[in-house]
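User: I'd like to go through this one by asking how each label is earned. Could you show it and set the values against the cut-offs?

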2 protein chains.
Amino acid sequence: MKTRISAMLVLLVFFVSLGCKPQDPLPSWHDGNTKQAITDFVTKTTQKGAATYVPEKDRIAVFDNDGTLWSETPLYFQAFYIFDQIRIMAPQHPEWQNQEPFASVLRGDLESALAGGEKALIEMMMATHSGMSTDEFRASVSQWISSAKHPATGKLYTAMVFQPMLELMNYLRANGFTVYIVSGGGVDFMRAWTERVYGVAPPQVIGSRIATQFVMQGNTPVLMREPALEFVNDKGGKPVAIHHIIGQRPLMAFGNSDGDLAMLQWTSAGNGPRFAAIVHHTDNARESAYDRKSHVGKLDQALDLIEPNGWTRIDMKQDWKRVYPD
Amino acid sequence: MKTRISAMLVLLVFFVSLGCKPQDPLPSWHDGNTKQAITDFVTKTTQKGAATYVPEKDRIAVFDNDGTLWSETPLYFQAFYIFDQIRIMAPQHPEWQNQEPFASVLRGDLESALAGGEKALIEMMMATHSGMSTDEFRASVSQWISSAKHPATGKLYTAMVFQPMLELMNYLRANGFTVYIVSGGGVDFMRAWTERVYGVAPPQVIGSRIATQFVMQGNTPVLMREPALEFVNDKGGKPVAIHHIIGQRPLMAFGNSDGDLAMLQWTSAGNGPRFAAIVHHTDNARESAYDRKSHVGKLDQALDLIEPNGWTRIDMKQDWKRVYPD
């Protein structure tokens, strides 16, 4: 009887130790300097008693979205929402058949539609992003994102998020970090799906926004989206928005383009340990390879500043075992 | 021996039951309809299994600051910061001796200084709130708030917060609510002290703000405060800011003036259970009594809308055992 109990105890200890074996929190990252830099930073800022310990309330990590958490080629995905909405709305706008840039979109000629540059893009954005309530806009994006497919991969856009970055956000949250998205994308466009896809709730999403007005429709208060771009959350706008909305300097920042440079500079200039990294798109086989000369996610000035600043370059081809979830 | 153990057990049960006796979470509130309405709402939204249960992530409570969490007479306290700063900065501005509204402030004649209305106030605000970095401004407010005294009570301004509202915020947080401040006051003015005084951390503070620019001073990134009022977080601006920054509709809203009306309307128009309340200043003996005709915290239109909307009126004189912490 005693022997049997001893055998059971041994088995119990064995299973308990199995259960306690530390699992790799970043299984889609190759072992190497990049992964080590991330885990070293998290370890030194979360170990009680360490000189570099940071209390939970100050563990703020900010992530750009386009090109950092999901793909952004051949165009920022929000642009495809604009084109799809123009097609959906066309019956209510017969004048668009002969009016650029809308006519080009309706002919399927996106290159001509975009030839008008920023002015044309903003005109299309306002036509599709304003004139409705915030609730109506959110419903429209939710419907689109759950069905629309990327023209090149045929995948849902939300299937083109980066698996290693999903793991990284989970890893940081498990270590007491609050994860924010700080993106040039529209804040309400992102909030329609970021909680489900990234686990990032609406209060932790910071983005560009258009003017919004509070109006009473009878007894019902409504927030109406107006055709004016109020804030562009890019470049110097990112640290400004971080300050206005979070009110604390982040501990970690992740981006992929010159649009993220100011956010990385602002983050790493804080006192004590800070971490900044740039996702470098180097993988034409599994995703895309682009940097200095790209029209989306241009990475030029910031690429040269990685080394002098002691930042981390995440090399998509070298550092990631896989790119997308399967 | 057995008897002695039994006696000890009885004592033990007695002390445990003493320790478990539910303490009143709102000891500075008189028992009555108002307190009951608050605790009933919290109970019904936090009891698992109830049809009115709300998950923690949606338990958002928004509080106005001036007149709701601390006093606001004879002037919004931030105005006293402006006057004190003008006196401190005067040696660097000899021209102010003959230039209104500054000259009146320097003579101690605040009434004349304010006679210029909003234009004069904004001019004084810009002179004292811009032209420095966000870090410098915060340091200035921190120093002021820890030493400046209210002209009538002689108390520190932070000693003029409402004890019943401190208890209410603690009670809500203990029940899984996230407490936000949504105030017309300057967001950076408030963040310098709200965490220490209210337990409300910077990311949960929403306020008015002036334009801010990201600039590199040599290798150091700095956020500079510019002399332009960018956003006034009052009236319809409150639900707009709640939407932009929180991205979710609050479950509970607390205000005290017509400036909070839109926030209360927006909150209570949500689906499911919602709670909205107005602090009514009825207590000239312990604080102040004012509503429809006041130049601060005017409560007129919203006062008439309490009953038809089923909102709660917090009657300072009737509902609060004490006003300030002692």
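Analyst: Sure, starting with R225(A): its relative accessibility is 6%, so it counts as buried, the label for under 20% relative accessible area, with exposed over 50% and partly exposed in between (1.4 Å probe, protein chains only). Some ground rules: this is a predicted model, where local features need pLDDT of at least 70, side-chain atom pairs count only at pLDDT 80 or more, and totals for chains, interfaces and linings use all residues. Residues are numbered from 1 along each chain as its sequence is written, chains are lettered from A and ligands numbered from 1 in the order in which they are written, and side-chain values use heavy atoms, with hydrogens and water left out.

User: Why is D188(A) called buried?

Analyst: Its relative accessible area is 9%, so D188(A) is buried.

User: What makes R225(A) and D188(A) a salt bridge?

Analyst: The rule wants a side-chain nitrogen of Lys or Arg within 4 Å of a carboxyl oxygen of Asp or Glu. Here the N to O distance is 3.1 Å, and the pair passes. R225(A) sits in strand β4 (residues 220-231) and D188(A) in helix α9 (residues 187-191), 37 residues apart; helices (H or I, at least four residues) and strands (E, at least two) are DSSP runs, numbered from the N terminus.

User: Why is E230(A) called partly exposed, and which residue does E230(A) form a salt bridge with?

Analyst: E230(A) has a relative accessible area of 41%, so it's partly exposed. Its salt-bridge partner is R209(A), with the closest N and O atoms 2.8 Å apart. R209(A), at 13%, is buried.

User: How do you know that β5(A) and strand β6 of chain A pair?

Analyst: Pairing takes at least two bridges found by DSSP between two strands. β5(A) and β6 (residues 275-280) have 4 bridges, in the parallel sense. One of the bridge partners is I278(A) in β6(A), matched with G255(A). Strand β1 (residues 60-63) of chain A pairs with β5(A) too, also parallel, over 3 bridges.

User: What makes D135(A) and R249(B) a salt bridge?

Analyst: Their closest N and O atoms are 4.0 Å apart, and the pair is listed as a salt bridge. The count between chain B and chain A is 2.

User: How many residues does each chain give to the contact?

Analyst: Chain B gives 35 residues and chain A gives 35, with contact meaning heavy atoms within 4.5 Å.
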